[in-house]
Amino acid sequence: MSCIEVHSLSKSYSSILAVDTIDLSVESGQVFGFLGPNGAGKSTVIKLLTTLIQPDSGQISVLGVNAIKEPLKIRKKIGVVLQQPSYEPTLSVEKSLEKYGMMWNVDKKTRQIRTEELLESFELTQIRKKKNEDLSIGQRRRVQVAREFMHDMDLLFLDEPTVGLDPSARRKLLDFLKNKVKDTGMTIFYTTHVLTEAEYLCDNIAIINNGKIITVDSPNELKNRFGNEKTIKIHVSEQFIQLPNLLKDIPDCNIEKSDGIIITIHSTNSEIVLMNILKILNQNNIPISDLSAMPTNLEEIFLKVVSDSDASNN
Amino acid sequence: MHPIIRLVNRNITISVNPGFLIWQVIFPLIYIFVAGFAYTALIDNVPFGNKDLTYPAFLASGMIGFNIMNSTLVSGIIIWNDRRHGMFEQIMSGPFTRVHYILSNIATIAIIGLVSAGLIAAVGYPVFFESVEFSPVTIPLIIFSSITGAILFGSIASIISTRLRSSEGFNVIINTVFLFFAFVSTAFYPASGAPQPLATIFYLNPLTYLVDIIRAGIFGTITEFVILEMVILAVLASILFIIATRLLTKLDF
């Protein structure tokens, strides 16, 4: 069943077209990743889906409700962690959670139970009495995300929730989200710049650039579609400036960069390219200190898709 | 619980802190008991309607209106803080509408205004009890004017908070405006003794109307002019409330 359905959605600010006639469908019970470079239109799409702003044209249905006609009905069923920090400076961490639950009309007993659970899950127990204004950016971000779980929801929007978190807190949050989806069947709409996060967490990913959705697929399918090439890295023992010249005639050998010691190559035919490279290095008595051939990761796919999209726009 | 009540609960929790209480109680008390009695040597009894009030009684009744006005700063501070700290957007992405947000702010300042007025009335009572003349008409009059005044000044604070983003700008503008209201009014001194141009300016200030109505309610001197002042106060409050609501409705994210 579709949780979010978007058709021909457009939104512009003054003369800038932030979202350009996009179509999108998100199935229930999954983590849906929404990726794109800065200014691609991610936050605008989130604001449209959470009914904070109205579109210029197009249709939005969230949880089966028309977002343009009944925005409040949608907002009662969703949770939103926006990109910008939001907090009550004078409230303590535990009071922030408690009051947020009250704002969502959660009964007092449930609020108390959830406050304790979330303080524990987000490792906030030690700082529970600290005021928000005295917290670090990462601690404040944890409170902001934890707070959203004070109330029940069918769909959660997370706009770059791991900004400011250390690697351990980041991994704990991702695991917490994974478990929530598994336990409750909720849907998460997730934007991030950290592509390893998207790869770890998301069932499906959409990539947006210049207000247009370029592709939507699962991380594995994206790799199959765009990642048929491998990255070869060769580290030679001493600097050899002529190295790129020696390798340039090998078919399907795309040299990305070389400083004479480390050379990075992309190829869709990596085994044969690798054999040719070794042969040339051997003939020229160039000793190798390290060599690797890695499958393309999501980050490289993202960069490729976005640069292809920019190129076609230009 | 209704969304507006939930937001009022939240507003009061974030606004009422020790600093605010000290400001709301200690400051007027110093005025009433220090300035009030110190200036008695300089200011004779003050004629008000058909009565002759002592200066401390005159000042204490004026401080009720002054305190209502001061308490409405809360409205501007809530809106400004919510915008600065991302809570306005967060609240608007939750189970609330802008109308809920606006009405909850008005309800918050009405509650804080009434409590402030009651507090100063209770503390100032020993100062003005000799001249008090409450009746079934005057008490509703005081409550009406307190709420109307709270809406009026709360709307002004809200309008300022929607137009300014920098903390310096917000503080300078709101303090200047409220300082003008406080000192160019009949809260601290009667208009009758002031030079004519200044006395005229007093009546371009809504705090003068609020203070006059509260005094009339406390001392039982309701005249046709006081009723006219009530009408002006209500009309001004309505206009400013509509402007504040429109500006809040148009706030973008």
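**Sheets, helices and contacts of chains A and B**

In the predicted model, A:Lys230 is placed opposite A:Pro295 of β14(A). Helices (H or I, at least four residues) and strands (E, at least two) are DSSP runs numbered from the N terminus. Residues are numbered from 1 along each chain as its sequence is written, while chains are lettered from A and ligands numbered from 1 in the order in which they are written. As the model is predicted, local features need pLDDT of at least 70 and side-chain atom pairs count only at pLDDT 80 or more, whereas totals for chains, interfaces and linings use all residues.

β11 (residues 230-236) of chain A and β14(A) pair in the antiparallel sense over seven bridges; two strands are said to pair if DSSP finds at least two bridges between them. Both belong to an open, antiparallel sheet of four strands in chain A, ordered β12-β13-β11-β14. Because β12 (254-258) and β14 (288-295) of chain A each have a single partner strand, they stand at the edges and one side of each is left without a neighbour in the sheet. The average turn between neighbouring strands of this sheet is 15 degrees, direction ignored. Axes are lines fitted to C-alpha atoms, for helices over the stretch in contact, and angles run from 0 to 180 degrees between N-to-C directions. Helix α10 (residues 270-283) of chain A lies across β11, β13 (262-267) and β14 of chain A, at about 15 degrees to β11(A).

A:Met294 is part of strand β14 of chain A. Burial is assigned from C-beta atoms placed from the backbone: a residue is buried if 20 or more other C-beta atoms lie within 10 Å of its own, exposed if 12 or fewer, and partly exposed in between. A:Met294 has 11 other C-beta atoms within 10 Å and is therefore exposed. Residues up to four places away in sequence left aside, A:Met294 touches A:Lys230 and A:Thr231, where contact requires the C-beta atoms, placed from the backbone, of two residues to lie within 7 Å. Between A:Met294 and A:Asp249, 45 residues apart along the chain, the C-alpha separation is 22 Å.

A further open sheet of chain A has six strands in the order β6-β7-β8-β3-β9-β10, with mixed pairing. Its edges are β6 (78-81) and β10 (212-217) of chain A; each has a single partner strand, so one side of each is left without a neighbour in the sheet. β3 (residues 31-35) and β9 (residues 204-209) of chain A pair in the parallel sense over four bridges, and A:Leu35 has A:Ile207 as its bridge partner in β9(A). Two helices of chain A lie across strands of this sheet. Helix α1 (residues 42-49) of chain A crosses β3, β7 (155-159), β8 (187-191) and β9 of chain A, at about 155 degrees to β7(A). Helix α8 (residues 219-226) of chain A lies across β9 and β10 of chain A, at about 105 degrees to β10(A).

Overall, chain A has eleven helices and 14 strands. Of its 314 residues, 40% count as buried. Its C-alpha atoms fill a box of roughly 75 × 50 × 35 Å along the principal axes.

At the interface, 22 residues of chain A are in contact with 18 residues of chain B. On the side of chain A that touches chain B, α2 (71-75) and α3 (93-103) of chain A each supply at least two residues, and α3(A) gives the largest share, three residues. By class, this side has twelve nonpolar, five polar and five charged residues; Ala, Val, Leu, Ile, Met, Phe, Trp, Tyr, Cys and Pro count as nonpolar, Asp, Glu, Lys and Arg as charged, and the others, Gly among them, as polar. In α3(A), nine of eleven residues are buried, including A:Leu97, A:Tyr100 and A:Met103. The cover of these buried residues includes α4 (108-121) and α5 (137-148) of chain A, together with α1 (3-15) of chain B. After α3(A) comes A:Asn105, with a positive phi near 65 degrees.

In chain B, helix α11 (residues 224-250) has 27 residues, and its end C-alpha atoms are 39 Å apart, which agrees with the 39 Å expected at 1.5 Å a residue; the expected span is 1.5 Å times one less than the number of residues. Buried residues of α11(B) include B:Ala237 and B:Phe241, and the buried residues of this helix pack against α6 (98-128), α7 (138-163) and α10 (206-219) of chain B. B:Ile151 touches B:Ile106, B:Ala110, B:Ala237 and B:Phe241, residues up to four places away in sequence not counted.
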